[in-house]
Protein chains: 2
Amino acid sequence: MAVKMKDIADDLGISLVTVSKALRNHPDISLKTRERVAARVQELGYRPNLAARSLVTGRSMLVGFVVPDLMHPFFADVAKGLSAVLREKGYFVIISSSEEDPELECKEIEHMMAHRLDALVVASSQSSAEALAPIQQSGTPLILLDRYFDNFEAHFVGSDDYNAGKIATEHLIEIGCKRIAHIQGPDTSPGSRRLKGFLDTMRKHGLEVPPEYIIKAGSGDVEGDEHGIQALRTLQSLKRPPDGIFCFNDVIASGVILEAVAQGIDVPKTLAVIGCGNLHSNRLIRVPLSSVDQRSNEIGRRAAKLILDIVQAPEGTKPAGTKRVVLQGGLVVRASTDRGGISSRPGKKIGKG
Amino acid sequence: MAVKMKDIADDLGISLVTVSKALRNHPDISLKTRERVAARVQELGYRPNLAARSLVTGRSMLVGFVVPDLMHPFFADVAKGLSAVLREKGYFVIISSSEEDPELECKEIEHMMAHRLDALVVASSQSSAEALAPIQQSGTPLILLDRYFDNFEAHFVGSDDYNAGKIATEHLIEIGCKRIAHIQGPDTSPGSRRLKGFLDTMRKHGLEVPPEYIIKAGSGDVEGDEHGIQALRTLQSLKRPPDGIFCFNDVIASGVILEAVAQGIDVPKTLAVIGCGNLHSNRLIRVPLSSVDQRSNEIGRRAAKLILDIVQAPEGTKPAGTKRVVLQGGLVVRASTDRGGISSRPGKKIGKG
DNA sequence: CCACTATACACAATCGATTGCCGTGGCCGC
DNA sequence: GCGGCCACGGCAATCGATTGTGTATAGTGG
């Protein structure tokens with residue numbers, strides 16, 4: 001059906017091999033021949049067959065990317081950054097949205113591997129790295145993104161979540177919050193790191209965190225902002241509701257703000273809210289949302305560069321250990337924490353990032 | 001390096017062919033043998049090599065999806081729906097975000113085709129179908145999504161944009177708007193269809209649309225909401241600013257609302273705003289945004305089903321003409337057009353959808 | 001003018017599967 | 001007891017490229 005090398009070769013009265021080499025600028029082939037080949041390729045509309053090439057080269061030019069939810073702006077932006085860098089080198093990214101379902105994720109990864117990926121990037125919904133270990137042993141470069149596992153050596157690209165928790169918490173304290181609550185995200189490394197950053201910072205400032213101030217957001221199939229709404233209702237039903245909330249991410253924080261406005265709570269005066277991720281939509285919502293930037297696009301780009309470093313490394317240079325790329329985000333203050341104090345330059349980024 | 005069929009075969013003392021057939025449940029192979037094979041496959045961690053399989057079967061199990069912007073929730077959601085349905089049948093989707101750049105889009109499509117896609121889904125940024133024609137002729141099923149071209153026969157899945165424009169406009173008229181403006185999106189079929197739906201409806205109701213009420217949103221590299229902000233500034237600088245705006249999409253509308261609030265304009269009393277797409281974030285923004293639903297996820301799923309119909313069709317049944325799947329969305333009223341009238345049940349969907 | 005070396009191209013094996021066709025053994029009926 | 005059918009499995013060709021090793025032609029020096 002489709003035009004293949006043999007067709008070009010026959011048409012030109014030369015060997016298939018010559019065509020192959022001509023197309024890849026092999027020095028064996030003279031300029032004149034190369035030009036003749038190129039011309040015919042244009043005319044006949046020849047397209048290389050990557051499946052055939054993969055078979056012999058062992059490289060598929062495909063990178064897998066497993067995300068918990070492609071609709072989440074963070075992961076969509078990571079995907080964009082990842083693709084943008086990789087495509088310049090001829091790679092494509094195949095994406096799978098696991099919907100935070102560990103089982104589905106496993107199946108998808110298994111299936112992806114059949115395409116002989118040149119690398120696999122995973123923002124995993126697993127609770128352990130058990131399912132990932134076989135991948136790594138198979139020789140396919142594995143890159144954990146955003147979420148990592150203890151006791152599992154692997155490349156990692158993500159943000160400094162502990163520090164993000166610290167930055168957010170210190171900001172809330174600085175603007176005068178005393179009773180600060182935290183709404184947790186999914187049970188993954190960013191979740192526990194941000195929580196730890198929060199708790200350590202509170203302790204350091206001598207502030208108490210009663211257990212009921214730590215809300216485990218339900219992890220069903222409702223949208224993230226719904227979690228925020230529910231969480232705020234729970235918090236407001238307490239004898240002493242918090243005067244500040246650090247939310248795991250901006251989607252949850254958006255829900256909190258929505259519900260706060262609905263309840264007639266003054267944000268930020270009565271209740272200050274900060275999230276994490278610095279989504280573009282933060283400035284559009286009911287009360288523009290302060291956040292810690294997460295540099296999503298850059299995370300994707302860094303992951304791509306890491307992959308390129310690995311696959312382009314000379315043959316013997318492989319066992320160089322694993323690499324960790326940890327990006328620092330900066331504080332972005334908007335109305336949701338703007339009480340008119342010193343550190344409140346609305347919409348202005350503070351710190352590196 | 002990796003385990004292959006030959007390894008399993010040698011290990012079991014049977015032929016490679018037997019292994020191949022056993023794995024695909026070929027009737028030639030006895031249950032006992034099949035089980036022995038399955039067991040070894042597990043033990044040795046065998047994974048089929050799809051590149052090799054593609055070479056002989058001619059099917060890559062890969063579907064390409066070209067979007068203008070993966071960060072736009074509409075396309076991200078379409079991608080999710082598309083992937084979800086296709087993955088059940090063993091297909092993967094490779095996504096390319098063209099950033100509304102026709103040239104980049106062409107390059108990406110060309111490159112994608114090298115993977116011998118089983119189908120290509122395109123939400124094109126091209127102004128004509130010129131670049132797409134060769135694809136179609138190559139025999140790869142081509143599906144236009146969301147955006148189509150005149151004088152170009154191809155499968156299409158998308159929403160009824162003319163009707164969306166009509167629904168939105170009629171709603172604005174119904175709540176009492178007299179001077180209605182429209183902010184255009186990119187210069188593609190949905191843009192012109194929604195505009196036409198708007199203009200026809202205005203005419204039908206005897207309402208005038210001065211040319212300065214049709215704003216061509218710039219299509220640079222700024223975010224969509226920025227267009228909305230700029231557009232509203234332009235409109236407000238007119239002698240007679242509009243009392244209602246129908247925006248091409250919700251992202252632009254979000255910008256309009258942001259700017260309106262900043263200018264102290266009362267939405268919806270002084271200015272009613274409606275968008276298109278019914279993004280999840282619509283209820284979170286400054287003034288919750290009315291919209292015409294676009295059923296993004298369903299569009300993706302329908303595209304997937306169409307692909308499956310095509311690729312699973314019996315050999316001879318191919319030339320069945322092109323198919324058009326046009327989904328109807330419904331009106332969703334929120335605060336941005338809620339003037340307390342009859343048709344204003346906040347957040348409630350009206351009509352089919 | 002011959003041997004020698006680049007230059008330019010071709011042969012054949014290979015990558016890891018699939019597929020149509022053929023071969024073997026056992027069991028049946030007549 | 002023999003032909004024949006069925007169930008099970010193997011042979012060999014094939015898919016469309018890449019790659020190391022040959023081999024003819026052309027150009028060069030002594």
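Here a visitor asks how some labels on this predicted model are earned, and a guide replies.

Guide: In this predicted model, local features need pLDDT of at least 70, side-chain atom pairs count only at pLDDT 80 or more, and totals for chains, interfaces and linings use all residues. Residues are numbered from 1 along each chain as its sequence is written, chains are lettered from A in the order in which they are written, and side-chain values use heavy atoms, without hydrogens and water.

Visitor: Why is the meeting of A:E110 and B:R47 called a salt bridge?

Guide: The rule asks for a side-chain nitrogen of Lys or Arg within 4 Å of a carboxyl oxygen of Asp or Glu. Here N to O is 2.8 Å, so the pair of side chains fits the rule. Across the interface of chain B and chain A, the rule finds 12 salt bridges.

Visitor: What makes A:F198 and A:F246 a tilted aromatic pair?

Guide: Rings of Phe, Tyr and Trp (its six-membered ring) pair if their centres lie within 6.5 Å; planes under 30 degrees apart are stacked, over 60 edge-to-face, the rest tilted. These centres are 6.3 Å apart, with 45 degrees between the planes. So the pair is tilted.

Visitor: Why is A:F198 counted as buried?

Guide: Buried means under 20% relative accessible area, exposed over 50%, partly exposed in between (1.4 Å probe, protein chains only). A:F198 has 0% relative accessibility, so the label is buried. A:F246 is also at 0%, and buried.

Visitor: Why is the pair of B:F74 and B:F75 edge-to-face?

Guide: Their ring centres are 4.9 Å apart and their planes stand at 75 degrees, so the pair is edge-to-face. Both B:F74 and B:F75 are buried.
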